[in-house]
Amino acid sequence: MLIISNARRLDYFTLTDSEKLGLIETIDKAKEIIEKEYTPDGYNIGINCGKDAGQSIMHFHCHIIPRYRGDIDNPRGGIRGVIPSKMNY
């Protein structure tokens, strides 16, 4: 699921303080919506800020990714997988 700002914002760091607080509530609401139909075992929540961090759509959006036991061989390290040397520890 994607959370997208109504106002044109580049990334998380350009959200207003009010929008950042609203994002917390919206993430919780997204979880409720997902869990009405699905039963994930966990979640990844991701925000890419800047082209060099992987942002390809230059408008704020937040990824809510439901995860399921066994959906990948070894989920240990979570989003640290974007830096291979940080994935396993």
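Start with the whole chain in view: of the contacts in the protein between residues at least 6 apart in sequence, 54% join residues at least 24 apart. Keep in mind as you look around that this is a predicted model.

**Stop 1: the overall fold.** Switch to a cartoon view and colour by secondary structure. You should find two helices and three strands. Trace the chain from the N terminus and the elements come in the order β-α-β-β-α. Now turn on the surface. The accessible surface of the protein is about 6700 Å², and carbon and sulfur atoms account for 55% of it. Of the 89 residues in the protein, 22% are buried.

**Stop 2: the nonpolar core.** Hide the surface and select I3, L15, L23, I27, A30, I34, F60, C62 and I64, showing their side chains. These nine residues form the largest nonpolar core. Two elements, α1 (17-37) and β3 (61-67), each give two or more residues to this core. Colour α1 separately to see its part: with four residues, α1 supplies the largest share.

**Stop 3: around L23.** Stay in the core and centre on L23, one of its members. Which residues does L23 touch, leaving aside those up to four places away in sequence? Select I3, Y12, L15, I47, F60 and C62, and you have them. Keep Y12 and C62 from that list selected, since both come up again below.

**Stop 4: an aromatic pair.** Move to Y12 and add F13. The structure holds one aromatic pair, and Y12 and F13 make it up, with an edge-to-face arrangement. If you place a centroid in each ring, the centre-to-centre distance is 5.5 Å, and the planes stand at 80° to each other. Y12 is partly exposed at 26% relative accessibility, whereas F13, at 62%, is exposed.

**Stop 5: the cysteines.** Finish by selecting C49 and C62. How many disulfides does the structure hold? The count is zero. For C49, the nearest cysteine sulfur is that of C62, 9.7 Å away, and C62 likewise takes part in no disulfide. A pair counts as a disulfide with the sulfur atoms within 2.5 Å, so C49 and C62, at 9.7 Å, do not qualify. Bring the surface back to look at their surroundings: C49 is partly exposed, with a relative accessible area of 25%, while C62 is buried at 0% relative accessibility. C62 also takes you back to Stop 2, as a member of the largest nonpolar core, and to Stop 3, as one of the residues that L23 touches.

Methods. Residues are numbered from 1 along each chain as its sequence is written. This is a predicted model: local features need pLDDT of at least 70, side-chain atom pairs count only at pLDDT 80 or more; totals for chains, interfaces and linings use all residues. Side-chain values use heavy atoms; hydrogens and water are left out. Buried means under 20% relative accessible area, exposed over 50%, partly exposed in between (1.4 Å probe, protein chains only). Rings of Phe, Tyr and Trp (its six-membered ring) pair if their centres lie within 6.5 Å; planes under 30 degrees apart count as stacked, over 60 as edge-to-face and the rest as tilted. Contact means heavy atoms within 4.5 Å. Accessible areas come from the Shrake-Rupley method with a 1.4 Å probe; for residues, only the protein chains shown count as cover. A nonpolar core is a set of buried Ala, Val, Leu, Ile, Met, Phe, Trp, Tyr and Cys residues joined through side-chain atoms within 4.5 Å.
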